[in-house]
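Colleague: Please take a close look at a single part of this model. Begin with one charged side chain and work outward from there.

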Amino acid sequence: RMFGISVLVINVAAFAVALGVLLTPAIEAQLSKALGKMTERQLDLLENHVLVLGFGDLTEPILEELAERGVSFAVITEDERSARLLDEEEVPTLTADPSDVTPLERAHIEAARAVVVATNDDAKDALAILTARQLNPSIRIVAAATQRENVDKLRRAGADHVVSPSTLGGHLLVDSAFGGDGEEVADEIMGEEDEA
């Protein structure tokens with residue numbers, strides 16, 4: 001009787017271990033998908049890519065533009081809901097604080113070609129810029145300032161180029177109101193900001 005019980009217990013334990021070994025990769029994949037986490041394999045493939053730090057109103061247009069240009073990119077955001085939505089669209093996403101060192105290192109910032117920071121919070125953007133600049137002093141960092149008065153602050157934090165969407169929009173609207181060509185104004189504004 002004891003032998004029969006021990007055989008039964010060992011078989012149940014062996015079945016549980018086998019089941020765990022078989023199901024672990026599937027469970028990890030589902031958890032990664034639910035939390036918007038890139039797999040180690042996806043992370044290892046990142047090279048000459050653009051890192052988009054944070055999630056804001058401009059993120060989706062930025063990602064669309066990068067995709068149209070055929071540029072590889074990855075998003076780091078701590079917003080789990082946004083990460084899940086991006087993951088559903090098969091956008092490489094890492095759910096983490098973009099101002100922390102570890103996620104930027106995991107996303108291979110040293111091999112990235114540029115960093116784009118455009119959330120709705122200029123203070124968080126400044127922290128992300130500082131961390132990115134610390135980890136890769138030579139990388140090009142571009143940021144969008146939600147508030148015009150923060151343009152210089154984001155530059156001082158380490159951004160190479162800062163765009164104020166509200167200023168740009170204002171110029172385009174006024175120019176259009178007077179019958180001008182909005183694209184010419186946009187080119188002029190971008191030229192002025194490059195010189196600054």
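Modeller: Asp152 counts as partly exposed, at 46% relative accessibility; buried means under 20% relative accessible area, exposed over 50% and partly exposed in between, with a 1.4 Å probe and protein chains only. The model is a predicted one, in which local features need pLDDT of at least 70 and side-chain atom pairs count only at pLDDT 80 or more, while totals for chains, interfaces and linings use all residues. Residues are numbered from 1 along each chain as its sequence is written, and side-chain values use heavy atoms, with hydrogens and water left out.

Asp152 forms a salt bridge with Arg155, with 3.4 Å between the closest N and O atoms. The term stands for a side-chain nitrogen of Lys or Arg within 4 Å of a carboxyl oxygen of Asp or Glu. In general, side chains of opposite charge can pair when their charged atoms come close. Both partners belong to helix 7, where Asp152 and Arg155 are three residues apart, about one turn of the helix. Helices here are DSSP runs of H or I with at least four residues, strands are runs of E with at least two, and both are numbered from the N terminus. Arg155, at 27% relative accessibility, is partly exposed.

Beyond the end of helix 7 comes a second pair: Asp160 meets Arg133 in a salt bridge, at 3.0 Å from N to O. Asp160 sits in the loop between helix 7 (151–157) and strand 6 (161–163), whereas Arg133 is in helix 6 (residues 122–135), so this bridge ties together parts that are 27 residues apart in sequence. The two ends differ in exposure class: Asp160 is partly exposed at 40% relative accessibility, and Arg133 is buried at 18%.

A search of the whole structure gives four salt bridges. Another of them joins Glu65 to Arg69, whose closest N and O atoms are 2.8 Å apart. Glu65 is partly exposed, with a relative accessible area of 35%, and Arg69 is exposed at 61%.

One more residue with a charge-free point of interest is His108, in the loop between helix 5 (101–106) and strand 4 (114–117). His108 is not a glycine, yet has a positive phi of about 55 degrees. Most residues other than glycine have a negative phi. At 18% relative accessibility, His108 is buried.
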